[in-house]
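Student: Before we go through the salt bridges, I would like to see the protein itself. Could you put it up?

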Amino acid sequence: MDEQFDFVIIGAGAAGEAAAFKARERGASVAIVDRALFGGSCAFWACMPSKTLLHAAAVHAAGGDYDWPRASARRDYMIVREGTDYPSDAGHVDALEKAGAVAIRGDARVAGPGTVVVSGGDGKRTLHAGTIVVAVGSVSSVPALEGLSDIAPWTNREATSTRELPTSLAVLGAGPTGIELAQVFARFGVPTALVASQPRILPHDHPRNSAAVEAGLRRDGVDIRTGVRALRIRARAGASGAHVVELSDGKSVSGHEILLAVGRTVPLAGLGLETVGVQVADGRTVVGPDLRIADGVFVAGDVAGPELHTHIAHYQGELAVRIALGDSARPDYSAIPRAVYTDPEAAGVGLTLEQAIKAGLDAFEEVADLAMSAKGYVAEASGHVTIVVDRKRRALVGAFIAGPAASEAIHEAVLAVKAKTPIEVLADTIHAFPTTARVMGGLFSQALRKLDAGPEPEIARALEASPQ
């Protein structure tokens with residue numbers, strides 16, 4: 001069966017769905033292919049179930065009526081898995097088909113310029129397209145770790161979908177996935193250990209964010225080991241049959257389940273990209289500034305980088321279609337919001353002070369202790385708000401928050417960094433009281449005073465030290 005489309009999209013996660021809907025919005029014909037769940041990992045094994053479980057765990061930790069059976073049932077509702085072992089993606093397929101896309105379940109392989117062959121239960125289908133979009137997402141990385149083959153380790157999929165609490169848990173990796181799931185299980189009473197090979201958890205985040213989240217995890221009973229690597233696993237060698245993870249410092253942690261959260265791998269092998277002249281090395285390929293990897297072939301989502309977030313995947317999916325249809329658009333990664341949804345939440349955008357100085361900017365940092373603000377008082381919360389300002393441009397280049405509503409409050413800074421909004425405008429903006437955003441607003445005013453201090457820096461310092 002040979003079929004012709006304007007777009008063939010390989011992968012129906014966040015990037016693929018966004019591309020399909022945008023192409024149909026623009027009047028283009030679309031086939032979208034996935035071997036597993038339309039909607040991708042975010043909807044079924046990652047973002048949605050993990051955030052649902054984090055919410056339940058927060059209510060439970062605060063003494064609310066939200067035990068694990070209720071949390072598990074709510075999670076099953078969110079991933080459309082009530083009463084079954086595997087989620088239903090019918091809602092995603094229906095939405096695509098109502099938009100006019102052709103949804104095909106099967107294994108897709110590029111078979112030359114403008115050609116994709118799909119193998120599935122209905123045999124083979126050959127799809128021809130003016131544009132191919134590769135949006136295959138990513139999968140959990142599995143480290144080469146002695147003894148790992150002797151157990152059945154968890155990835156995010158098992159951790160977010162389990163219906164039974166583990167007796168104990170050891171988490172290898174302290175990025176967003178590791179820390180969020182560690183807090184979920186610790187708050188439901190599971191003895192939980194977290195192993196971080198870097199000197200701090202969330203190593204790519206602002207150090208103040210890392211410190212605030214680490215304090216929250218320790219408060220909830222997570223045993224955090226930083227600056228150590230897992231060397232080997234001894235299956236069922238611990239108390240009551242727990243697996244023992246030997247560490248590089250000579251110590252160990254144990255868990256009846258071992259969760260791998262050490263990174264993600266892009267599954268490009270076997271896609272046939274070599275038939276269009278694309279070289280794949282170490283699971284990556286060269287991506288052009290317009291998301292193009294070959295004539296008529298684009299990438300979107302985790303395949304494209306530079307970071308792995310659902311919101312970037314959605315952005316790139318739409319953008320790849322727009323570029324393919326001739327729009328003069330290019331990706332702008334200057335203001336990527338990052339957030340983790342632990343308690344406390346942590347979020348950030350742009351450059352840290354160290355990064356700004358390394359980039360050659362004459363930058364300075366303003367910091368507020370959230371615990372000493374009105375928001376901190378009323379919410380009984382700690383944390384920080386930090387902004388980074390470029391003196392020459394008198395503009396915000398970075399912002400970082402740990403505390404209540406951090407993932408929401410950061411978006412004012414996201415827009416400010418993207419639009420290069422002058423500090424004067426930000427300082428003159430009214431912020432609702434008492435909010436985390438208002439704490440950031442106070443820092444904008446503080447930064448403006450510093451920029452304007454000129455010959456009277458002592459006055460500026462006195463103002464900065466005065467209560468807000």
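The questions below go from the overall fold to single charged pairs in this predicted model.

Student: What radius of gyration does the protein have, and what would a compact globule have?

Tutor: The model is predicted, and its secondary structure consists of 15 helices and 22 strands. A compact globule of 468 residues would come out near 23 Å, so the protein agrees with that rule, at 24 Å.

Student: What share of the residues is buried?

Tutor: Buried here means under 20% relative accessible area. The accessible surface amounts to about 20900 Å², with 52% of that belonging to carbon and sulfur atoms. Of the 468 residues, the buried share is 50%.

Student: How far apart are the mean positions of the positive and negative charges?

Tutor: The count is 45 positive and 54 negative charges. Averaging the places of each set gives two points, and their separation is 2 Å.

Student: How many salt bridges does the structure hold?

Tutor: Side chains of opposite charge can pair when their charged atoms come close. The cut-off is a side-chain nitrogen of Lys or Arg within 4 Å of a carboxyl oxygen of Asp or Glu. Under that criterion the total is 30.

Student: Which residue forms a salt bridge with E3, and is E3 buried or exposed?

Tutor: E3 has a relative accessible area of 17%, so it is buried. Its partner sits at 18% and therefore also counts as buried. The N to O distance is 2.9 Å, and the partner is R125.

Student: How many residues lie between the two positions of that pair in sequence terms, that is, how far apart are E3 and R125?

Tutor: E3 belongs to strand β1 (residues 2-10) and R125 to strand β6 (residues 123-134). The pair thus links distant parts of the chain, and the two residues are 122 residues apart.

Student: Why are E214 and R218 separated by about one helical turn?

Tutor: The two form a salt bridge whose closest N and O atoms are 2.9 Å apart, and R218 is partly exposed at 41% relative accessibility. Both residues lie in helix α8 (residues 207-219), and the spacing follows because they are four residues apart.

Student: Which residue forms a salt bridge with R322?

Tutor: R322 is partly exposed, with a relative accessible area of 31%. The partner is partly exposed too, at 23%. The closest N and O atoms are 3.3 Å apart, and the partner is D327.

Student: Which residues do salt bridges with shared partners join into one network?

Tutor: Here the bridges share partners. The network consists of R75, D76, R81, D85 and R163.

Note on methods: Residues numbered from 1 in each chain as written. Predicted model: local features only at pLDDT ≥ 70, side-chain atom pairs only at ≥ 80, totals over all residues. Heavy atoms only, no water. Rg over C-alpha atoms; globule rule 2.2 N^0.38 Å. Buried < 20%, exposed > 50% of the residue type's maximum accessible area, 1.4 Å probe, protein only. Areas by Shrake-Rupley, 256 points an atom, 1.4 Å probe, with all protein chains shown as cover. Lys, Arg positive; Asp, Glu negative; His and termini not counted. Charge placed at Lys NZ, Arg CZ, Asp CG, Glu CD.
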